[in-house]
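Trainee: Please take a close look at one part of this assembly, the helices around the largest cavity, and set it against other places in the model. I should like a connected account.

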Amino acid sequence: MEALQTLTWSDTWYLSPELVLSGFAIALALLDLFLPKQVNRNVIGWLTLAGLICAGVCVVLLLLSLGDGTEVNSAEPFHSLLGGSYRIDNFGNLLKLVFLGSAGFIVFSSLGTVKDEDVPIKGEMYYLVLPATLGAMVMSSSGDLLTLFVGLELLSITSYILVAVRKNNRISSEAAFKYVVTGGAASAFILYGMSFLYGITGSTNIALIYDGLNSAIENSEALLYISFFLMIAGFAVKLALAPFHAWASDVYQGAPTPVTSFLAVVAKGAAFAMLYRIFMGTAFFAIGSTGFIQKDIFLGLAVLAAAAMIVGTAGALRQRNVKRLLALSGVANAGILLTPLALSLTQFHTSMFSEFIYYFIAYAFMNIGVFSVLTIVSRDSGNETLSGFAGLYHRAPWTAAAAVVLLCSLAGLPVTGGFFGKLFILFGTIQTHTYWLGAIMLATTVVSYAVYFTLIRQMFMRSGELDTGLKMTFPAGITIWICTIATLALGFFPVPILNWINDVFSIQFDFLVFRG
Amino acid sequence: MSTFFTENAWLVPVLPFAAFVVLTAMGKGLKQSGAWVATIASFVSLVLSLCLASERLSGNAADYSRQYDWIHIGNMKLSAGYEVTNLSTLMLVVVTLVAFLVNLYSLGYMKKDERITTFFSYVALFTGSMLGLVLSDNLLTFYIFWELVGVCSFLLVGFWFQKPEAKAAAKKAFIVTRIGDLGLLIAILLLFWYMPGHALDFTALHNVFHTQSGVITTSITTLIALLIFLGAVGKSGQFPLHVWLPDAMEGPTPISALIHAATMVAAGVFLVVRTFDIFEASQIAMNTVAIIGAFTAIFAAMIGLAQNDIKRVLAYSTISQLGYMMLALGVGSVTGAMFHLFTHAFFKALLFLGAGSVIHSVHTQDIREMGGLGGKMKLTAWTFGIGALALSGIPPFSGFWSKDAILSVAMDKQPILFIVGLIAAFFTALYMARLFFLVFTGKPRENQHAHESPSVMTIPLVVLAVLAVVAGFVETPFNGWLGNWLWGEQSEHNVNGLVMILSAAVALLGLYIGWLTYVKGTIRRDAISSRMPGLLKLLENKFYIDELYRALFVKPLQSLGKALELFDEYVVDGIVRASGYSVSAIGKLNSRLQNGQVQTYALTALIGIVILIVAIAGRRFW
């Protein structure tokens, strides 16, 4: 093992997105303290947005500076920092872009939308998004179990606070408490699983774990099983996969809606990033003489994916509260998002990551869009039940039209991003001959039409109590429309987007960490 | 040479689509101005197509196509794209011109209708779909637009859905054309299966079936060609799927003009022209097309003789004229078919709009209740007369030249079909004479207060009348300009004096007999029907085709439907209810777990992971 590498000045460029975010977070925390009470905290919101955009620009520049490992482009395909514990590669960069973009849209749409009575500490709600996003970025960019865990905790602990910002609301406090307990349990599961892996291989660095795995398999097969399954259980809680999902409905309901969509998109995506990092670096190569372990671990993931799709969809059918409904739809979608990774149980299918990231981008847009609609509607009607949507078409036809597009995408109807995302993942199941998983995905998709069309029916066919126009705020309106247009664009131009992902991402340099 | 309009030809269909979207979105807010939005959009696309045409008229304009890969699935790809050739340019001009005139005309005709905005949005969608179909560079997008055209015709034929006849007619049009569409769909699937590289674009079809024939066996080629033809038969109202077209007269009259001249029925002929290489590779298919075409031509012309509804006469005449186009294709004259399509578009649109003007004025469609309208509606009478002469094939009107082009090729290739066509031409002139004389000459009715239509309605008539006169000169036996421009090759068009004289003579004879019968009275009107009452009854009832279909298909299918309904109710619904119940049972279980107690959540998670480990990992250590 090489000597511990220290951070040099030249490395700060590679860490610029992270550094920008931490700088903004500290500055804004201080600013919030010193700013007089009368000053509207939207200032903090705008500055948070600025910080996210700066970090996003840095990520784009890094993305462009990395080569693809071919002779044509001689720039290095990835950069390793601090003895391999931090990696700047395109897997991380792509995900960081999605995280920063999602966080940016969420902050933007909540400007002027969140009410002071509801969230008395608005300043904190805005600037805490920064460390949370920073945690997510660390999770997608680390090559060491410890760094990954630090990122996870940074994200989790900030999220606990974010859920609790509706200080005067009992449900919100209860939700935050539940989130602390279950989230803490999940972290414990993950850490316990990691400790076994460290014990067996003698390292926390993923590349070194890979080296040590082969000899470990022969001696401590049972321990490896326990290690990986404990991690799976922990991640299942974080991803809200059934039957580890029960916290999600309560927490989503209690949190302010922008935070809910942050949890649904960024927190979930970060957990996926970490799962990919660990499992594609270690578990996938736990083959040994029989190859059982590798198959079993990915089978476990596939079973969880299937369970999440079934339970999420069936549960959503019975929900009257839109936030809880969307929480359960998020459970089902987590199952779908997990499918590409889980398919590795049979063979390596190279399009795995592009299938995942494509659907994840579509998922991010449609969720942020739907949650923004929900924020506006519930702000107007005063409740978050389905009946708040009644007659929306007559009050705000354009918003209703946008919502229909977004819901169709969630349901997976053509021509939307959700349709192609699901289609590509479905092709993956066919390619790898995992027909049972594909069949479950199809069946739950069909059932999910009933879920989303309940909402659409409310908007178009029921008459609501209110007949005044919907009070739309400017940032939320813009966000809804960008999300709608992006959802349609993903449906009309799937190939260029997919090609671009494939161009940027390479399995050799972005997954196979030990090669570094 | 500028190629701006060629490269941006996609704008032509996009404009009507945009108008459709705007009208649908703004809807009721627009009121009358919505109609203007659609009319202006169609005018701009007309101007664009005219610019495109003038660009391509100057010298040898190269074909232009642009493709965009839509989805890749494995090594298969679906692409969408457009292709600008002289053929598609010609179609664009015809479609946009007729569509614009119909829009203009409808401003007057539909003025008092409450749903005028809806009407114009449908018309815009209809036009846009047809234009998209014309520009498609592959069969898949062609098929998508083809179906869109079908949907629009359904919407428009049933536009006055308060009338039960209109509702029935819309359903009939939809179902009957679906039979043809199914054929086309199967043909496309077969092509997809057999074509090298699963290519569906027209260039590849041309390469496979024309340049390197033999890649696909003759029997498969024949099958594919016949299935494609089935699609065309449905859309173009050829025998035996012609039954929907006369019923479609229940729609507003401007729509009849649009359907019969430029959009719906032309799509069928255009399909065969586009896939003509496949037909040429199979003699059986060619003969089928020719025979069906010729038979339809004479069959529909005979029915047209005995109809009393002004629009129905015209409808049968459309069927008959489309038969001519199919006949032309069957005997190998693509130029003839396109030429007739081109001239027919103008005079048929003219006749329908003229009929609409008459109906607008006297509020009836029965020609027995009309008469002497010529005096009060001079402009309508004159333009209608020009249209009638063009349709009858009187020189030098456009219909004469295009019909002559078809008949002279038929004479060379299949003399029997030539004679059939000639007889049909006689009937054509006869029923047009009957129609014209009964409506416009004779004594005016006293209780009718006929009046000339407003100028938004008469201007289109005049424009079309001019075109009906001059459009024929683009391709005469002495000057094969159209064929040359379309295909870039000198057509072997020889002056066949005999055909010209014969076709002009039978047309004149038809008109003369009509004049003797309905004006002069030399021949008694019931001269034939009194001697052969059976024949008249047969014709009036359209050879009992509808009744035959009812007995053969509709009734048995209805009984089958009843049986299936029972099956559906008890077996299918049972399964659906059972699966619905099981899903909601899972949901219930989920809500029982979700009782708000975080201890329960943790316990569930723990049980979950234990089960997972025991079930998956445990079996290895058992």
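**Helices around the largest cavity**

Mentor: The crossing of H9(A) and H11(A) is left-handed (the near helix is turned anticlockwise from the far one by less than a right angle; clockwise would be right-handed). The model is predicted, with local features requiring pLDDT of at least 70, side-chain atom pairs pLDDT 80 or more, and totals for chains, interfaces and linings using all residues. Residues are numbered from 1 along each chain, chains are lettered from A and ligands numbered from 1 as written, and side-chain values use heavy atoms without hydrogens or water.

Helices here are DSSP runs (H or I, at least four residues), numbered from the N terminus. The axes of H9(A) and H11(A), lines fitted to C-alpha atoms over the stretch in contact, come within 9 Å of each other and cross at roughly 165°. H9(A) is therefore roughly antiparallel to H11(A) (an angle over 145 degrees on a scale from 0 to 180 between N-to-C directions).

Both helices help to enclose a cavity, as the lining shows. A search of the whole structure finds 10 cavities of 30 Å³ or more (on a 1 Å grid, points where a 1.4 Å probe fits but cannot get out). The largest of them holds about 140 Å³ of space. Its lining comprises 14 residues (an atom within 4 Å of a point), and those nearest the centre are A:Tyr179, A:Lys238, A:Trp247, A:Ala267 and A:Lys268. Two or more lining residues come from each of helix H6 (145-163), helix H7 (170-201), helix H9 (221-239), helix H10 (246-254) and helix H11 (257-281) of chain A. H6(A) is the main contributor, with four residues. In character, the lining has eight nonpolar residues, four polar and two charged (Asp, Glu, Lys and Arg are charged; Ala, Val, Leu, Ile, Met, Phe, Trp, Tyr, Cys and Pro are nonpolar; the others are polar).

A residue in the loop between H9 and H10 of chain A, A:Ala240, also deserves attention. A:Ala240 has a positive phi of about 60°, although it is not a glycine. Most residues other than glycine have a negative phi, and most peptide bonds are trans.

The second largest cavity, with a volume of about 120 Å³, offers a useful point of reference. It is lined by 15 residues, and A:Thr313, A:Ala332, A:Lys422, A:Ser448 and A:Tyr452 are the closest to its centre. Helix H12 (292-317), helix H13 (322-342) and helix H18 (435-461) of chain A each give two or more residues to this lining. H18(A) gives the most, with five. By class, the lining of the second largest cavity divides into seven nonpolar residues, seven polar and one charged.

A further helix pair in chain A can be set beside H9(A) and H11(A). Helix H3 (residues 90-110) and helix H5 (residues 129-141) of chain A pack at about 165°, their axes 9 Å apart. H3(A) and H5(A) are therefore roughly antiparallel to each other. Here, however, H3(A) passes H5(A) in a right-handed crossing, whereas the crossing of H9(A) and H11(A) is left-handed.

Chain B supplies backbone features to note beside A:Ala240. B:Phe239 and B:Pro240 are joined by a cis peptide bond, with omega about 5°. B:Pro240 sits in the loop between helix H9 (218-235) and helix H10 (244-247) of chain B. A cis peptide bond, with omega about 5°, also joins B:Pro395 and B:Pro396. The loop that holds B:Pro396 runs between helix H17 (378-392) and helix H18 (398-413) of chain B.

How values were computed:
On a 1 Å grid over the protein atoms alone, a cavity is a set of points where a 1.4 Å probe fits but cannot get out, and a pocket is an open set with protein on both sides within 12 Å along at least five of seven lines; lining residues have an atom within 4 Å of a point. Grid points are joined across faces, edges and corners, and a volume is the space filled by probe spheres set on the points. Angles under 35 degrees count as roughly parallel, over 145 as roughly antiparallel, 65 to 115 as roughly perpendicular and the rest as oblique.
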